[in-house]
Structure formats: C-alpha cells, structure tokens
Amino acid sequence: FMCHNLGANEGADPFTPAAEIHGAMYQFGIGTEALSQADNLSNTGEVPGWNNSVSGSGDWDMVTQNPCPPGWRVPTIEEWAAVINTSNNAITKVGTDWTSGSGNYYTGTQIGDALFLPTAGLRSTSNGSLNFRGIYGYYWSSTADGSYNGHYLGLNSVDQGTGNNFSRSYGFSVRCVAE
C-alpha cells in the first residue's frame with residue numbers, strides 16, 4: 001500500500017495524524033478527484049457541481065478510470081478484508097478525541113507497522129458536504145455492488161470492517177496498492 005492517502009501531502013509523516021495526510025476525496029469509478037485535499041480541508045459545506053448521480057456497470061475500471069499513479073490501483077474489497085483481518089495484522093486505534101468535527105484531524109487506525117489510515121470522514125452524496133471527520137474513515141475498494149453502489153472499508157474508534165451498499169456518489173478516501 002502507498003504510505004499516504006491519494007492526494008495527501010507526501011512530505012508529511014504518514015503515521016502522525018494531521019490534516020496534511022487526509023488527502024483528496026473520490027467518487028466510485030471516477031478517475032479524477034471529486035475534491036482536492038486543499039478544498040477538502042477548507043470547504044466543509046456544499047461543493048458546487050457535486051455529481052450526485054454517479055452510476056456504472058461494474059467494478060471500478062482500472063484501465064481507463066484509475067485515479068492512482070502508474071503501477072498502482074484501488075484495492076479490491078477482498079484485499080481490504082485481508083488487511084483488517086487481525087490474524088494478519090495488529091490493529092491499533094490512534095487518538096483520544098473520536099468525535100465528529102471539521103477540524104478533527106487527529107484520529108485514525110494503525111494497521112501493522114506499515115499502514116496508518118486517518119479518519120477523514122466522507123462527502124455526502126447529495127451535495128458533497130463534509131460528514132464524520134475525526135470519527136469515521138471510509139476508503140473505496142474497486143469492487144462494485146451493483147450499478148449504483150460500491151464496496152468500501154470503514155473505520156471508527158471501536159472497529160473496522162468492509163461494507164457495501166454505499167452510493168458511488170459519496171466522496172471517500174482512496175489508498176492505492178501496488179499492481
């Protein structure tokens with residue numbers, strides 16, 4: 001896995017919770033960011049032009065719509081499930097203020113010794129407004145759940161798990177994995 005969320009400041013320490021490592025937000029199946037890290041950090045309200053009707057016919061196309069740099073791709077839901085399997089990796093919750101707030105950049109989940117996932121929240125399907133920063137982290141997989149939904153990794157202060165049935169129009173973090 002990459003050390004940073006896609007769109008994050010790669011000069012920042014990827015294991016220290018901070019605004020600089022939250023990264024950009026992406027909608028499922030679209031190869032460009034829905035919201036840059038700078039805009040994600042500064043705009044917590046509605047996002048002009050937010051696409052609230054993303055649809056597709058299958059998994060995220062890693063040939064024509066891959067948001068990751070060459071040699072990298074969005075992980076499958078099976079890969080996310082293996083990462084959070086406690087038989088494979090120790091999981092530690094980092095931070096003490098697990099509350100939702102636009103300025104709460106100080107929580108996340110440490111997985112093993114080489115992966116830290118900040119709780120960057122999500123961007124709503126209807127207008128792109130920020131929700132749950134500091135309390136939840138959502139990471140897209142490349143695995144579809146029908147034409148309108150995608151599978152994802154979800155994290156909070158208590159647990160982590162893979163889920164489905166979230167609209168492709170949500171804005172989630174992306175963490176790339178090597179091909």
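## A guided tour from Gln 37 outwards

Begin by selecting Gln 37, which touches Gly 7, Ala 8, Asn 9, Ala 19, Glu 20, Ile 21, His 22, Gly 23 and Ala 24, leaving out residues up to four places away in sequence. The model on display is a predicted one. Gln 37 lies in helix α1, which covers residues 37-42. Is Gln 37 buried or exposed? Its relative accessible area is 12%, so Gln 37 counts as buried, the limit being under 20%.

**Ala 8 and Glu 20**

Select Ala 8 next, one of the residues that Gln 37 touches. Ala 8 belongs to the segment before α1. Ala 8 is buried, with a relative accessible area of 12%. When neighbours within four places in sequence are set aside, the contacts of Ala 8 are Glu 20, Ile 21, Gly 23 and Gln 37. Add Glu 20 to the selection and display the C-alpha atoms: Ala 8 and Glu 20 are separated by 12 residues in sequence, and their C-alpha atoms are 6.0 Å apart in space.

**The whole protein**

Now clear the selection and view the entire chain. The protein contains two helices and 10 strands. Along the sequence, these elements follow the pattern α-β-α-β-β-β-β-β-β-β-β-β. A box of roughly 40 × 35 × 30 Å, taken along the principal axes, is filled by the C-alpha atoms. For 179 residues, a compact globule would have a radius of gyration near 16 Å, and the protein's value of 15 Å agrees with this.

Colouring by burial gives another view: buried residues account for 50% of the 179 residues. With the surface displayed, the accessible area comes to about 7,700 Å², and 47% of that area belongs to carbon and sulfur atoms. Of the contacts between residues at least 6 apart in sequence, 59% join residues at least 24 apart.

**The nonpolar cores**

Proceed to the largest nonpolar core, which has 17 residues. Which of its residues touch the most other members? They are Tyr 26, Trp 60, Trp 140 and Val 174. Strand β7, residues 137-145, gives the most to this core, contributing three residues.

Centre the view on Tyr 26 and show its surroundings. Apart from residues up to four places away in sequence, Tyr 26 touches Leu 6, Gly 7, Thr 32, Glu 33, Ala 34, Trp 60, Pro 67, Trp 140, Tyr 170, Gly 171, Phe 172 and Val 174. A second core, separate from this one, has nine residues, among them Trp 80, Ile 84, Ile 111 and Leu 115.

**The sheet β7-β8-β9**

The final stop is an open sheet of three strands. Select β7, β8 and β9, which stand in the order β7-β8-β9 with antiparallel pairing. The edge strands are β7 and β9, each pairing on one side only. On average, neighbouring strands in this sheet are turned by 30° against each other, direction ignored. In general, strands of a sheet pair through backbone hydrogen bonds.

Narrow the selection to β8, residues 149-155, and β9, residues 160-167. How many bridges does this antiparallel pair have? There are six bridges between β8 and β9. A hairpin of four residues joins β8 to β9. To see individual positions, select Leu 155, whose bridge partner in β9 is Gln 160. Then select Leu 153, which stands opposite Thr 162 in β9.

Terms used. Residues numbered from 1 in each chain as written. Predicted model: local features only at pLDDT ≥ 70, side-chain atom pairs only at ≥ 80, totals over all residues. Heavy atoms only, no water. Pairing = 2+ DSSP bridges. Core = buried A, V, L, I, M, F, W, Y, C linked by side-chain atoms within 4.5 Å. Buried < 20%, exposed > 50% of the residue type's maximum accessible area, 1.4 Å probe, protein only. Contact = heavy atoms within 4.5 Å. Axes fitted to C-alpha atoms, helices over the stretch in contact; angles between N-to-C directions. Rg over C-alpha atoms; globule rule 2.2 N^0.38 Å. Areas by Shrake-Rupley, 256 points an atom, 1.4 Å probe, with all protein chains shown as cover.
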